[in-house]
Amino acid sequence: MPDDKINARRFPRSKPLEFLILLVVAVVVAAGVRTFLVQTFYIPSGSMEQTLLLNDKVLVNKAVYRFRDPERGEIIVFEPPIGWGAGPSEQEYIKRVIGVGGDRVVCCDPQNRITVNGHPLDETYLFPGDAPSDDKFDVTVPEGRLWVMGDHRSDSADSRAHLESDLGTVPVDRVAGRAFAIYWPTSRWRSLSVPPTFSGVPDAG
């Protein structure tokens with residue numbers, strides 16, 4: 001009977017060369033993931049406490065905003081607008097989106113709550129003891145820009161610190177991605193979901 005098996009010739013391979021090839025492939029794949037999909041960031045300040053603590057490490061989805069704009073309540077990493085004065089060791093900021101293009105963001109209503117398009121925010125994520133804002137403002141966010149604030153309002157240099165002109169808002173095209181989980185330390189692993197209060201915000205105008 002004919003033998004249906006195919007006998008493949010085995011060529012000797014150098015194990016160091018094979019390891020080197022696998023290493024190069026792994027580096028290329030990791031670089032691609034970091035550039036286009038997911039990147040890690042560490043938290044350099046207390047401006048997002050207690051949601052994010054100093055030296056927490058977070059995972060940032062860099063692909064999501066290729067398909068849509070940031071939404072209210074999401075935590076974003078972004079390059080600060082010119083004029084925010086970021087130093088060389090602080091190239092990116094991390095804050096929460098409070099208002100998007102067209103939204104009217106006001107501080108504050110008679111119950112001392114920030115409102116977005118008239119909807120009062122129940123900001124249970126704020127740092128204990130912090131007011132929603134010690135600064136009063138009434139801002140309509142320009143299209144293509146975002147109003148952002150830290151969760152530790154008394155220790156956050158955010159949109160409120162740059163109210164002149166439109167410098168207080170962040171251009172959407174400067175957003176690097178959405179922080180979606182804390183991964184380090186492992187004792188603090190958790191997802192970073194949008195707080196329920198933002199679901200009640202009506203569309204602008």
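Reader: Which strand does β5 join through two bridges, and in what sense do the two run?

Author: Strands are read as partners when bridges link them, and two bridges are enough. In this predicted model, β5 (residues 104–107) is joined to β6 (residues 115–116) by two bridges, and the strands run antiparallel. You can follow the pairing residue by residue: V106 stands opposite T115 in β6, and V105 has V116 as its bridge partner in that strand.

Reader: How many bridges pair β5 with β8?

Author: Four bridges, again in the antiparallel sense. One place to look is R104, whose bridge partner in β8 is T140.

Reader: What order do the strands of this open sheet take, and which are its edge strands?

Author: To read a sheet, walk from neighbour to neighbour rather than along the sequence. Here the order is β7-β6-β5-β8, an open sheet of four strands with antiparallel pairing. The edges are β7 (119–120) and β8 (137–140), since each pairs on one side only.

Reader: What does the secondary structure of the whole protein chain come to?

Author: The chain has one helix and twelve strands. Along the sequence, the helix is followed by the strands, in the pattern α-β-β-β-β-β-β-β-β-β-β-β-β. For contacts, the question is how far apart in sequence the partners sit. Among contacts with a separation of 6 or more in the protein chain, 64% are between residues 24 or more positions apart.

Reader: What percentage of the residues count as buried, and how much area does the chain expose?

Author: Of the chain's 205 residues, 41% count as buried. The chain exposes about 12,100 Å², and carbon and sulfur atoms supply 57% of that area.

Reader: Which residues touch the most other members of the largest nonpolar core?

Author: A core is read as a network of buried nonpolar side chains that touch one another. The largest one here has 16 residues, and those touching the most other members are I98, V105, I114, L121, F137 and W147. The elements that give two or more residues to this core are β5, β8 and β9 (145–149). Apart from it lies another core of 13 residues, including W84, V97, L146 and V175.

Reader: What is V105 in contact with, leaving aside its neighbours within four places in sequence?

Author: V105 is in contact with I98, G99, I114, T115, V116, F137, D138, V139, V141 and W147. One of these, V116, is also the bridge partner of V105 in β6.

Reader: How many aromatic pairs are there, and how do I read one?

Author: Look at two values for each pair, the distance between ring centres and the angle between the planes. The count here comes to three aromatic pairs. One of them, F78 with Y93, is edge-to-face, at 5.8 Å centre to centre and 65° between the planes. Because F78 lies in strand β3 (residues 75–78) and Y93 in strand β4 (residues 93–99), the pair ties together parts that are 15 residues apart in sequence. Both F78 and Y93 are buried.

Author: F137 and W147 form a tilted pair, with 4.9 Å between centres and 40° between planes. F137 sits in β8 and W147 in β9, so this pair ties together parts ten residues apart in sequence. F137 and W147 are buried as well.

Reader: Is S133 buried or exposed?

Author: Compare the relative accessible area with the cut-off: a residue under 20% counts as buried. S133 has a value of 3%, so it is buried. This residue is found in the loop between β7 and β8. Beyond residues up to four places away in sequence, S133 touches C107, M149 and R160. The side chains of S133 and R160 are joined by a polar contact of 3.3 Å.

Reader: Where is Y42 found, and what does Y42 touch?

Author: Y42 is in strand β1 (residues 38–42). A value between the buried and exposed cut-offs, 20% and 50%, is read as partly exposed. Y42 has a relative accessible area of 48%, so it is partly exposed. Not counting residues up to four places away in sequence, Y42 touches N55, D56 and K57. You can also check a C-alpha distance by eye: Y42 and L59 are 17 residues apart along the chain, and their C-alpha atoms are separated by 9.0 Å.

Technical notes:
Residues are numbered from 1 along each chain as its sequence is written. This is a predicted model: local features need pLDDT of at least 70, side-chain atom pairs count only at pLDDT 80 or more; totals for chains, interfaces and linings use all residues. Side-chain values use heavy atoms; hydrogens and water are left out. Buried means under 20% relative accessible area, exposed over 50%, partly exposed in between (1.4 Å probe, protein chains only). Contact means heavy atoms within 4.5 Å. Accessible areas come from the Shrake-Rupley method with a 1.4 Å probe; for residues, only the protein chains shown count as cover. A polar contact is a pair of N or O atoms within 3.5 Å; within protein, one must be able to donate a hydrogen and the other to accept it, and residues adjacent in sequence count only if both atoms are side-chain atoms. A nonpolar core is a set of buried Ala, Val, Leu, Ile, Met, Phe, Trp, Tyr and Cys residues joined through side-chain atoms within 4.5 Å. Rings of Phe, Tyr and Trp (its six-membered ring) pair if their centres lie within 6.5 Å; planes under 30 degrees apart count as stacked, over 60 as edge-to-face and the rest as tilted.
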